[in-house]
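Subject: Handing over a structure

Hi there,

Here is the structure I promised to pass on. Please have a look at it first, and then read my notes.

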Amino acid sequence: MKTSARNCFAGSVSRVTQGAVNDEVELTLPGGQGIVAIITRASSEALGLKEGAKAFALVKASSVIILTDTSGARFSARNLLAGTVAQVREGAVNAEVDIELPGGDTVVAIITMESCRRLALRAGQAATAMIKASSVIIGVPA
Amino acid sequence: MKTSARNCFAGSVSRVTQGAVNDEVELTLPGGQGIVAIITRASSEALGLKEGAKAFALVKASSVIILTDTSGARFSARNLLAGTVAQVREGAVNAEVDIELPGGDTVVAIITMESCRRLALRAGQAATAMIKASSVIIGVPA
Amino acid sequence: MKTSARNCFAGSVSRVTQGAVNDEVELTLPGGQGIVAIITRASSEALGLKEGAKAFALVKASSVIILTDTSGARFSARNLLAGTVAQVREGAVNAEVDIELPGGDTVVAIITMESCRRLALRAGQAATAMIKASSVIIGVPA
């Protein structure tokens, strides 16, 4: 499978909550982390998502927000993946940041250079990737 | 109308599915392709969306994922627009890719340069633009 | 609090509309402007969002669309923040645009250079930031 989405996390479906138009689907990754996605009811049915099914979560790098200090604030975004900055690639307007997760997965984020400077991101630093559930696409393998 | 959204597809409303908070709205483009959007119930009512109404779909280029090979995988994203790469403009971190659809419309995607290299995107190549329904804004003309 | 999200608007919760999977939450900013967010029901409960609670809205710059002329068109996007372009920073593929709102807040948008040229954006020009409710993350302070 070849997609431009930089983040692809393979796991299995651990929960599906049905709504009229949208479903909430939770994947559990091999390392135990959960990824929550909001997808349409029609997609959920078409993919036959149910507990235990193999699935993967696709997330565009531009949908990822990086947190380095919450100061105790809490957020509505359902996915908070804590790790360590592995690499920062700077551009004119945007920067690409890799965050390594404890299980070995990497989350790639595109943020503005201004944010990169403000957070003083550098390799080795602790950082959390925040991803809104509605930014996650669910896929099922062939 | 002048907006920064690079993708604007004009069509007519072919279906509205109501939920408590969100509605699912489907547009049909002149070429027969469908575009599905998730918008709030309140917006759907305010715009008076119903079957047959003229409407357009706005999508930011940064919300588009490019697929070149699914290997049989299936995705929750409701919009899959198959076409041909027409142009690739490279930046330091991001690249802009134009995909021409059979009906003559063009989909513009912003992806990372790393993805651009990994998918080896070049003009003439078959590619599919994948757009999550929640990334689509619906508009109605004056 | 340190996040890479360029837009953070502090206000108080003025309305919560419940759905099965998603809730619609409206913040009112000190200047009187409203910001609507779609978040999951579970998050809304976990954050204890109710009328009058202090909260903030986080929006990635890449989720913001800029409008300069609607020609009478109306949009499903719930957040339209009218202001004045304060600054444009150009990159190879993307540009970063600051829009100052009447209340003193600034909205930062990442758009493509092509859009920046097409809209002929420059400091002093009137412009509206359009943000889909599903792109807004709600947070609550410690």
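Below is what I found, going from the whole of chain A to two of its residues.

First, some ground rules: this is a predicted model, where local features need pLDDT of at least 70 and side-chain atom pairs count only at pLDDT 80 or more, while totals for chains, interfaces and linings use all residues. Residues are numbered from 1 along each chain as its sequence is written, chains are lettered from A and ligands numbered from 1 in the order in which they are written, and side-chain values use heavy atoms, with hydrogens and water left out.

Let's start with the fold. Chain A has two helices and 12 strands (DSSP runs, with H or I over at least four residues for a helix and E over at least two for a strand, numbered from the N terminus). Starting at the N terminus, the order is β-β-β-β-α-β-β-β-β-β-β-α-β-β.

As for dimensions, the C-alpha trace of chain A spans about 45 × 35 × 25 Å along its principal axes. Its radius of gyration is 16 Å, which agrees with the value near 14 Å for a compact globule of 142 residues (taken over C-alpha atoms; the globule rule is 2.2 Å times the number of residues to the power 0.38).

Of the 142 residues in chain A, 57% are buried, meaning under 20% relative accessible area with a 1.4 Å probe, protein chains only. Among contacts (heavy atoms within 4.5 Å) with a separation of 6 or more in chain A, 60% join residues 24 or more positions apart.

Now for the two residues. Asp98(A) lies in strand β9, residues 94-100, and counts as buried because its relative accessibility is 11%. Its side chain makes a polar contact of 3.0 Å with the side chain of Arg89(A) (a pair of N or O atoms within 3.5 Å; within protein, one must be able to donate a hydrogen and the other to accept it, and residues adjacent in sequence count only if both atoms are side-chain atoms). Leaving aside residues up to four places away in sequence, Asp98(A) also touches others, including Thr84(A), Gln87(A) and Val107(A).

Thr40(A) sits in strand β4, residues 34-40, and is buried, with a relative accessible area of 5%. Here the polar contact reaches chain B: the side chain of Thr40(A) pairs with that of Arg78(B) at 2.8 Å. Beyond four places in sequence, the residues that Thr40(A) touches include Val21(A), Glu24(B), Ile38(B) and Ala133(B).

Enjoy exploring!

Best wishes

How values were computed
Buried means under 20% relative accessible area, exposed over 50%, partly exposed in between (1.4 Å probe, protein chains only).
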